[in-house]
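User: I am new to this structure. Please take one part, look at it closely, and then show me how it sits in the whole.

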Amino acid sequence: MTGTLTRCEWRGMAGDPLYEAYHDTEWGVPEYDSRALWEKLVLDGFQAGLAWITILRKREAFRAAFDNFDPEKVAHYGEADRARLMADAGIVRSNAKIDAAIESAKIYLQMQARGEDFSAFCWGFVGGKPIQNRWNAFGEVPAQTELAVEVSKALKARGFKFVGPVIVYAWMQAVGMVNDHFTCCFRHDQVKTLVR
């Protein structure tokens with residue numbers, strides 16, 4: 001992508017090839033794959049208290065450390081795996097976040113065993129289609145919404161952790177449940193057409 005494109009005004013993105021590529025090709029694109037939705041929710045949980053670019057730069061290390069976010073494998077992690085993860089300088093090392101990721105894999109599989117598809121569960125909050133917002137500037141975009149509060153409560157009720165409304169809204173933006181690209185951004189109208 002060229003530097004002449006008008007993008008959302010994210011702090012620190014301009015000129016960062018990794019950040020720009022993420023914005024231009026991934027952020028806001030509707031994700032319907034259950035495993036990918038779960039992976040992004042886990043990564044957003046690891047982001048708590050940090051900038052997203054920190055997680056983005058460590059994402060491949062996270063994928064390697066967590067067996068490419070295979071819920072079947074992560075759900076069976078024991079003490080040796082926890083110790084391995086806490087010793088891995090390539091990821092965010094937090095006992096609470098690592099434990100939350102392992103527990104969330106178990107919850108994901110429990111939902112699956114009950115016949116509850118994670119994607120259908122997530123997308124059910126928006127009727128299966130992305131909410132199309134029309135923000136013009138960074139200051140207009142909320143940190144959370146009433147819907148994010150509702151989704152957060154539903155996730156917490158199932159046992160997920162690090163899923164507060166702010167984290168959940170960031171996740172909803174990332175996976176395209178809401179289109180929060182600025183109206184002036186070249187991706188706004190492109191993402192708008194990516195509806196099932």
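Analyst: Start with Lys161, which is exposed, with a relative accessible area of 56%. The cut-off for exposed is over 50%, so Lys161 falls in that class. Keep in mind that this is a predicted model.

Where is Lys161? It lies in the loop between α8 and α9. Helix α8 covers 146-158, and helix α9 covers 165-174. Now compare Lys161 with Thr145. The two are 16 residues apart in sequence. From C-alpha to C-alpha, Lys161 and Thr145 are 19 Å apart in space.

Next, take another loop residue, His181. It is found between β2 and α10. Strand β2 spans 178-179, and helix α10 spans 186-192. Is His181 buried or exposed? His181 is buried, with a relative accessible area of 0%. Buried means under 20%, so His181 qualifies. Lys161, in its own loop, is exposed.

What surrounds His181? Set aside its neighbours within four places in sequence. The residues in contact with His181 are then Cys8, His23, Trp27, Gly28, Trp135, Arg187, His188 and Val191. One of these partners, Trp27, also has a polar atom to look at. The backbone oxygen of Trp27 lies 2.9 Å from a polar atom of the His181 side chain.

Follow the contacts to Val191. This residue has its place in helix α10. Val191 is buried too, at a relative accessible area of 2%. Again leave out neighbours within four places in sequence. Val191 is then in contact with Trp27, Gly28, Asn179 and His181. Trp27 and Gly28 appear in the contacts of His181 and in those of Val191. His181 and Val191 also touch one another.

From Val191, look across to Ser94. Along the chain, Val191 and Ser94 are 97 residues apart. Their C-alpha atoms are separated by 34 Å.

One more loop deserves a stop. It runs between α3, at 52-65, and α4, at 71-74. Asp67 lies there, and so does Phe69. What is phi of Asp67 near? The angle is near 50 degrees, a positive value in a residue other than glycine. Phi of Phe69 is also near 50 degrees, again positive in a residue that is not glycine. Their exposure is another matter. Asp67 counts as partly exposed, at 32% relative accessibility. Phe69 counts as buried, at 0%.

Now step back to the whole. The protein has ten helices and two strands. Along the sequence, the pattern reads α-α-α-α-α-α-α-β-α-α-β-α. The radius of gyration is 17 Å, close to the 16 Å that the globule rule gives for 196 residues, so the protein is as compact as a globular protein of that length. Its C-alpha atoms fill a box of roughly 50 × 35 × 25 Å, taken along the principal axes.

How much of the protein is buried? Of its 196 residues, 49% count as buried, His181 among them. Contacts also link distant parts of the chain. Among contacts between residues at least 6 apart in sequence, 67% join residues at least 24 apart.

Finish with the surface and the charges. The protein exposes about 9300 Å², and carbon and sulfur atoms supply 53% of that area. There are 24 positive and 25 negative charges. The mean positions of these two groups are 2 Å apart.

Note on methods: Residues are numbered from 1 along each chain as its sequence is written. This is a predicted model: local features need pLDDT of at least 70, side-chain atom pairs count only at pLDDT 80 or more; totals for chains, interfaces and linings use all residues. Side-chain values use heavy atoms; hydrogens and water are left out. Helices (H or I, at least four residues) and strands (E, at least two) are DSSP runs, numbered from the N terminus. The radius of gyration is taken over C-alpha atoms; the globule rule is 2.2 Å times the number of residues to the power 0.38. Buried means under 20% relative accessible area, exposed over 50%, partly exposed in between (1.4 Å probe, protein chains only). Contact means heavy atoms within 4.5 Å. Accessible areas come from the Shrake-Rupley method with a 1.4 Å probe; for residues, only the protein chains shown count as cover. Lys and Arg count as positive and Asp and Glu as negative; His and the chain ends are not counted. The place of a charge is taken as NZ of Lys, CZ of Arg, CG of Asp or CD of Glu. A polar contact is a pair of N or O atoms within 3.5 Å; within protein, one must be able to donate a hydrogen and the other to accept it, and residues adjacent in sequence count only if both atoms are side-chain atoms.
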